[in-house]
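Colleague: I should like to go through this structure step by step. May I put some questions to you about it?

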Amino acid sequence: MDKKNTDIFIKKREALIGQFLSGDGSGFLEKHTSVLDEYFLTVFEKSITARKMTMAGSPFAIIALGGYGRKEQCIHSDIDLLILFEKKIPPEVEAFLQELLYPLWDARFEVGYAVRNVTECLEMAFERFDILTTILDARFICGASLIYTAFMEKFRSDLDAKHLKHTLNYLYEHGEKRHFDFGDSTYLIAPDLKSGFGGLRDYHTLLWYAKIKSGIKTRRDLEYYGFLSHFEYLSLTESLTDIWKIRNFLHSITKRKCDTLYFEYQTELAGLLGYRTKNRQPDVEGFLGDLHKRLDFLKQINQITFEDILGSTRIGKGTSEFRLTKIDGLVVKKRRLYFANTVAVLQKPDLLLKIFLESGLRKIPLSIEARRIVSEFLHLVDSKIKKDPDCIRIFKKIMSQSYWEFNVLNVMLATGILEKLIPEFSALVNKIQYNHYHLFPVDKHCIRCVQVINSYKDFKGSPTKSLYYSVFREVRNKNILFFTALLHDIGKSDPAKEHSKTGAKIAKPIFKRFGFNSTEVNDGVFLIENHLIFIKTATRRDISDEETAVYMAHKIGKIRLLRMLYLLTVADSQATGPKAWNEWTENLLKDLFLKTMGIFKKGELASKKSQHIIDKRKKNVLRLLKEKWRENEINTQLESMPKRYLLNVPAHSITCHINLYRNLKGKDFIWQISKENNSDIRTVSICGKDKPGFYSKIAGVFFLNNLDIVASQAYSFGENHVIDIFKVKPPKDKIFEKEKWEKAQKDLVHAINDDHFLDNALVKIPRSIQVSSGKNPRPNTIRIDNETSSFFTIIEVFTYDFAGLLFAITNALYRSQLNVDVAMVATKVDQVVDVFYVKSLEHGSKIENEQGLSLVKNKILKSLPHITKKGDE
């Protein structure tokens, strides 16, 4: 093995990569490929083994496959080779492979290879289509060129004669499966640049199809042979150049083959690619927005490919003849909608909308030709369609026909007609919300929201799905609900302002333009301005407190608005992604909706149902405890418990808490630690005397002992006692877990008796923390709500998670002479929101005066660390 040759190759490659990363990226893929070719050619020319095999009558060809064959060699892409013999494969080939490949493997290159003769290679190609597509990209490097040429001619001949239909079927079916497996990259904040819908593999599929169909040699031939128009070819070249550049930078910063643009790399990539805000910070949203435009174009290229494949085979149903539809000017061919001709569009501009309605009603997609015609005739929207009442009615019907499985609105977005109808929507197109919380770009999220609401027409599924179905049926004006879903985030066009209020102002003239009456306009404006109130109240307020539902009923005002707001909230959460939607969120929203509806219908909560739950729970507790305690004692205990406790806590837990209380006797507290089923979480139930700062001191002791709090709830337990329930991660060293809990218990005794015992824990709270963010991180924020509850001041703390967070906040509340009665700890993925229901220790009531509220705010803010972005000094 010639180490010198390998060293020369590596130096040339590193120099080339250095030039690319410093900004000279012109022709990088081809140059990178050429450096590899040069290495293989040099090894082949210098190899005595290769010469011996050739002279002994066993010549061979070295052939590049896959991306290497296409001359698309990215920094850490695999190197795929075929060593092809005409007939017999001599044993000496093993020695040659050692010369050729071992130096590359030693240098940590990913090199895949196959050694075959022509017959074997042809058999495998037509048995396994993944091998067939790599051969479509095959490129001769060195060796016996006649073997390569003869093989490719035979491959081409067999493909045309025997395997054409099956191969095209594979391209179509494999493409659909790949899209299902990897997702729609144009919908994802962290897209797969290669395999997702809109990724590079969609371009490769077109290339393979053109090679199969017409035997093209280069990408340039896609235009020459009519697979793409001139404009489409130029757009394809621009899109590929940008995506390859991003992919190479991604390979560079991850130091490996990586095709998924994970969240953690996006800020660095935006900076490296020159995307900057006015403050010279990496403009991640601008970077991702441009990328999504490119991915969206590749997605359209794939749809062109699939349409052409369908036209070349008998995949699917339908005849090759045009069939007239009920709408004059529209025809169907091979399950695709076409305009009869362009003259029909000029004579009847409303066909530009009717074709989308027909598509939605019949579940037949537009042909690529029809999409092109829509894009070319967009000028008719301003002059002929916008002011036509019939066209407005057609668009409203289209909204009700957009589903996730069959996506009419997305096609309208891709052709540009949606923006023409609603110019204000243009500001949302490919707009990215840079956080872990939102899965989709804003435009796709809004369209997805409409699709989710359409799904409520079906009652099948979970019991909650049946509730959405019944509520949807009760909505009288579904058009305003659909429009509100489409426009609910229209205010995000201006990130500097609160998007709900901004969106309501932007949407008002849109509603008027589409012919809604004054009541409908007011409803739509209200829903957009308040589309976050339901989810915020459900997740940040104690919905067991009857006042929460009363507050919501007063805020919403009308049953029709409640129904629409509930459905809009659920659809918005579901369309945001799995980080915003789970069973817990779903149940909270459902409970709040039903309780608020009870206020409207009965003037009170559906108290019969609540009371039924409480009565049933009390009976179960009595049954579980009757052998241990007297019935009158248990009843007295149960009557002293708050309603929210009896509604939220299961009977077996209540019995455990009563046992704790009964065993408390003269102690300050007693606790029970239990293990969650199939979970590495401990539930710590603590019953204690209601002393000032008790909750805070528990949080401090857990922090002092490195016990991470996941969630918590605090309840009063009679007049003078409390039950605090903490979900806690166990100690890292499980062997000494018992000793750790014993130490924590002793520390809590000290903390209760010595108000300064936890001062040393306060010192450990960080004074500053760094967070990953594409923009400047959100500052620590304190919000005070004195309206929702008659008895408590509600304090919301928005910050980023850090060790000791709960202790820092609750200690500040305690030092402000406030008692925590209800605590709700939650994480909003990108930010923590902790909510506390508090009263004054001195007066036992909420804090009313502004000076007192200001002091509390400042105290909490001082307890929190300063937030900086990673990379800032």
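**Loops, cores and helix contacts**

Modeller: Please note that the model is a predicted one. A place to begin is Lys71, which sits in the loop between helix H4 (66-69) and strand S2 (79-85).

Colleague: Is Lys71 buried, partly exposed or exposed?

Modeller: Buried residues have under 20% relative accessible area, and exposed ones over 50%. Lys71 has a relative accessibility of 40% and therefore counts as partly exposed.

Colleague: What is the phi of Lys71?

Modeller: Lys71 is not a glycine, yet its phi is positive. The value is about 65 degrees.

Colleague: Where is Lys665, and is it buried or exposed?

Modeller: Lys665 belongs to the loop between helix H33 (651-664) and strand S8 (669-675). Its phi is also positive, near 55 degrees, in a residue other than glycine. The cut-off for an exposed residue is over 50%. With a relative accessible area of 70%, Lys665 is therefore exposed.

Colleague: Which helix gives the most residues to the largest nonpolar core?

Modeller: The largest nonpolar core holds 100 residues, and those with the most contacts inside it are Phe40, Ile62, Phe155 and Leu222. The helix that gives the most to this core, with eleven residues, is H13 (residues 284-312).

Colleague: How many residues are in the second core?

Modeller: This core is separate from the largest one, and Leu378, Ile394, Val408 and Tyr468 are among its members. Its number of residues is 96.

Colleague: Which residues does Phe155 touch?

Modeller: Phe155 is one of the residues with the most contacts inside the largest nonpolar core. Leaving out residues up to four places away in sequence, its partners are Leu122, Ala125, Phe126, Leu132, Ile135 and Leu136.

Colleague: How far apart in space are Phe140 and Lys165?

Modeller: Phe140 lies in strand S4 (residues 139-143), and its relative accessible area of 26% makes it partly exposed. Residues up to four places away in sequence aside, Phe140 touches Ala61, Ile62, Ser145 and Tyr148. Phe140 and Lys165 are separated by 25 residues in sequence, and their C-alpha to C-alpha distance is 27 Å.

Colleague: Why is helix H26 described as largely enclosed by the rest of the structure?

Modeller: Helix H26 spans residues 533-540, eight residues. The buried ones are Ile533, Phe534, Ile535, Thr537, Ala538, Thr539 and Arg540. H26 is largely enclosed because the number of its residues that are buried is seven.

Colleague: How are H21 and H28 oriented to each other?

Modeller: The axes of H21 (residues 442-455) and H28 (residues 559-576) come within 8 Å and cross at roughly 125 degrees. This crossing is right-handed. An angle over 145 degrees would count as roughly antiparallel, and 65 to 115 as roughly perpendicular. The two helices, H21 and H28, are therefore oblique.

Colleague: How do the residues of the contact of H21 with H28 divide?

Modeller: H21 brings His445, Arg448, Cys449, Val452 and Ile453, while H28 contributes residues including Leu567, Leu568 and Ala571. The division is seven nonpolar, three polar and two charged.

Colleague: How is H19 oriented to H21?

Modeller: Helix H19 (residues 408-415) packs against H21 at an angle of about 150 degrees, with the axes 9 Å apart. Angles over 145 degrees count as roughly antiparallel. H19 is therefore, with respect to H21, roughly antiparallel.

Colleague: Which residues of H19 and H21 make this contact?

Modeller: The crossing of H19 and H21 is right-handed. H19 supplies Leu409, Asn410 and Leu413, and H21 supplies Asp443, Lys444, Ile447 and Val450.

Note on methods. Residues are numbered from 1 along each chain as its sequence is written. This is a predicted model: local features need pLDDT of at least 70, side-chain atom pairs count only at pLDDT 80 or more; totals for chains, interfaces and linings use all residues. Side-chain values use heavy atoms; hydrogens and water are left out. A nonpolar core is a set of buried Ala, Val, Leu, Ile, Met, Phe, Trp, Tyr and Cys residues joined through side-chain atoms within 4.5 Å. Buried means under 20% relative accessible area, exposed over 50%, partly exposed in between (1.4 Å probe, protein chains only). Helices (H or I, at least four residues) and strands (E, at least two) are DSSP runs, numbered from the N terminus. Contact means heavy atoms within 4.5 Å. Axes are lines fitted to C-alpha atoms, for helices over the stretch in contact, and angles run from 0 to 180 degrees between N-to-C directions. Angles under 35 degrees count as roughly parallel, over 145 as roughly antiparallel, 65 to 115 as roughly perpendicular and the rest as oblique. A crossing is left-handed if the near helix is turned anticlockwise from the far one by less than a right angle, and right-handed if clockwise. Ala, Val, Leu, Ile, Met, Phe, Trp, Tyr, Cys and Pro count as nonpolar, Asp, Glu, Lys and Arg as charged, and the others, Gly among them, as polar.
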